[in-house]
Amino acid sequence: MVTGESAFPLHEAVGAVHLHSNFSDGSLPIEEIAAIASRKKINFLLFSDHNTLEPRRLGLEGWKEDVLVLIGCEINDADDRNHYLAFLIDREIDPKMSAEEYVAHIWSMGGFGIIAHPAEKRNFSDAYPPYPWTAWNAKGFDGIEIWNQLSEWMEGLTRLNMLWRIWHPLRSIRFPVWETLQRWDQLNRERRITGIGGIDVHAFPFRIGFISIEIYPYKVQFRSIRTHVLTSRPLINERGEKLPWREAESVVFEALKQGRCFVVNYSVGDGRGFRFWGEQNNRVYQMGDRWCSKGTITFRAVTPLTGKIHLLRDGKRVCRAKGKELVCSGDQPGVYRVEVFRKNRGWIYSNPMVWMQ
Ligand SMILES: [Zn+2]
Ligand SMILES: [Zn+2]
């Protein structure tokens, strides 16, 4: 049998994406956050402080022990809407730009841009309004945040469950927003749009009357949503040698651009080892691939722990399996991806592979 590993000689790296440090509204310095991430076995961090690349200019990128720190920023428009995570850029954008303008601008500079929390709906408090994406006519975005841990935590928040949520923050992580997944499937019919999972970690103090509590310390947030990439080269090899950080940065972004990644909710299980691929006419296709061909295809998915594995075509479930493996054959082109559930919650969301007409 072909296994995930022999089907792809790729290397897995585990990332935490969409982090705020004390350069904007996060609560800790980047070095301290990296030290916490190292203890949590996270391989790379993508920081996106609001509207500043100052930490990048100060040379805070690179290896911090065994954690690769990469720095972009989170951009917004003049109305503080349309939040956009921009990476691989050296200069901040003009704050007067519209979302359509900055998406095109980041693309023209060779950057990598991700639409943040596109369907945010939280309405708990005027101090924390929702920031949904509205500029869907924008051209040139590379990715979309299919799951934002902070949005989900805030969305279901009420005066009644607030204390429970503060004490058990990870239990509020249940599923990505269905509307976003549906849009993501539609977008992928046209071109590749990478799905990532963001933590949006701030660890900000939250006021309840006179009491100020730090909700969600970084070490807890790092047990929530992670984005795994499958890379062409290991960031650190078996001998413990690290790629020079600039090369490691290209390797990570190459995987993200190719859509070779998946999102894992760590509050219900470690996702390392998950693989999803398709076999057709003696060829193997994987997440991010887009191709045209004829003939029957066999999709396979393997998971490191047992779960309920669903295969979706154009957003509709076409196969399901219980356990650690799914095998499913079909002859219909479409946008194919896998969702895995554990403990009645979403666990792993693959990026799609697209068999085109
Ligand atoms: Zn935001
Ligand atoms: Zn943010």
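These are my notebook entries on a predicted model of one protein.

**Entry 1: the whole chain**

I started with the overall count. The protein has 9 helices and 20 strands. I then looked up how compact the fold is. The radius of gyration is 20 Å, and the globule rule gives 21 Å for 357 residues, so the protein is as compact as a globular protein of that length. I also noted the span of the C-alpha trace along its principal axes, which is about 60 × 45 × 45 Å.

Next came burial. Of the 357 residues, 45% count as buried. I checked the contacts too, taking those with a separation of 6 or more. Residues 24 or more positions apart account for 70% of them.

**Entry 2: two domains**

I looked up how the chain is divided. Domain 1 covers 4–265 and domain 2 covers 275–356. Their C-alpha centres lie 25 Å apart. How many residues of each domain are in contact with the other? I found 24 in domain 1 and 20 in domain 2.

I then listed the elements on the side of domain 1 that touches domain 2. Those giving two or more residues are α1 (4–7), β7 (143–148), α7 (178–190), β8 (194–201) and β12 (261–265). I sorted the residues of this side by kind. They divide into 11 nonpolar, 8 polar and 5 charged.

**Entry 3: the largest nonpolar core**

Which residues touch the most other members of the largest nonpolar core? The core has 85 residues, and the answer is Leu45, Val69, Leu70, Tyr84 and Val252. I checked which element gives the largest share. Strand β4 does, with 7 residues. I also asked where this core lies with respect to the two domains. Both domain 1 and domain 2 give residues to the core, so it lies between them.

**Entry 4: Leu70**

I picked Leu70 from that list for a closer look. Leu70 sits in strand β4. Is Leu70 buried or exposed? A residue needs 20 or more other C-beta atoms within 10 Å to be buried. Leu70 has 21, so it counts as buried.

I then looked up its contacts, leaving out residues up to four places away in sequence. Leu70 touches Phe44, Leu45, Leu46, Glu61, Phe87, Glu249 and Val252. Two of these, Leu45 and Val252, are also on the list of core residues that touch the most other members. I noted one distance as well. Leu70 and Leu88 are 18 residues apart along the chain, and their C-alpha atoms are separated by 8.9 Å.

**Entry 5: helix α4**

I moved on to α4, which runs over residues 99–108. Its buried residues are Ala99, Tyr102, Val103 and Ile106. Why are they on the same side of α4? They cover an arc of only 105° around the axis, which puts them there.

I looked up what these residues pack against. The partners are β4 (67–75), β5 (84–87) and β6 (112–115). Leu70 belongs to one of these strands, β4. After α4 comes Gly110, with a positive phi near 80°.

**Entry 6: Ala138, a contact of α4**

I found Ala138 in the loop between β6 and β7. Ala138 has 20 other C-beta atoms within 10 Å, so it is buried. Setting aside neighbours within four places in sequence, I found Ala138 in contact with Ala99, Glu100 and Val103. Ala99 and Val103 are among the buried residues of α4. I also looked up Ala138 and Tyr102. They are 36 residues apart in sequence but 8.8 Å apart in space, C-alpha to C-alpha.

**Entry 7: positive phi outside glycine**

Most residues other than glycine have a negative phi. I looked up two exceptions.

The entry for Lys41 reads as follows. Its phi is positive, near 60°. Lys41 lies in the loop between α2 (30–39) and β2 (44–50). It has 13 other C-beta atoms within 10 Å and is partly exposed.

Then I turned to Asn344. Its phi is positive as well, about 60°, although it is not a glycine. Asn344 is in the loop between β18 (334–342) and β19 (345–350). Is Asn344 buried or exposed? Asn344 counts as exposed, because it has 9 C-beta neighbours inside 10 Å.

Key
Residues are numbered from 1 along each chain as its sequence is written. Chains are lettered from A and ligands numbered from 1 in the order in which they are written. This is a predicted model: local features need pLDDT of at least 70, side-chain atom pairs count only at pLDDT 80 or more; totals for chains, interfaces and linings use all residues. A residue is buried if 20 or more other C-beta atoms lie within 10 Å of its own, exposed if 12 or fewer, and partly exposed in between; C-beta atoms are placed from the backbone. Helices (H or I, at least four residues) and strands (E, at least two) are DSSP runs, numbered from the N terminus. The arc is that of the directions from the helix axis to the C-beta atoms. Two residues are in contact if their C-beta atoms, placed from the backbone, lie within 7 Å. The radius of gyration is taken over C-alpha atoms; the globule rule is 2.2 Å times the number of residues to the power 0.38. A nonpolar core is a set of buried Ala, Val, Leu, Ile, Met, Phe, Trp, Tyr and Cys residues joined through C-beta atoms within 7 Å. Domain bounds come from an automatic or database domain assignment. Ala, Val, Leu, Ile, Met, Phe, Trp, Tyr, Cys and Pro count as nonpolar, Asp, Glu, Lys and Arg as charged, and the others, Gly among them, as polar.
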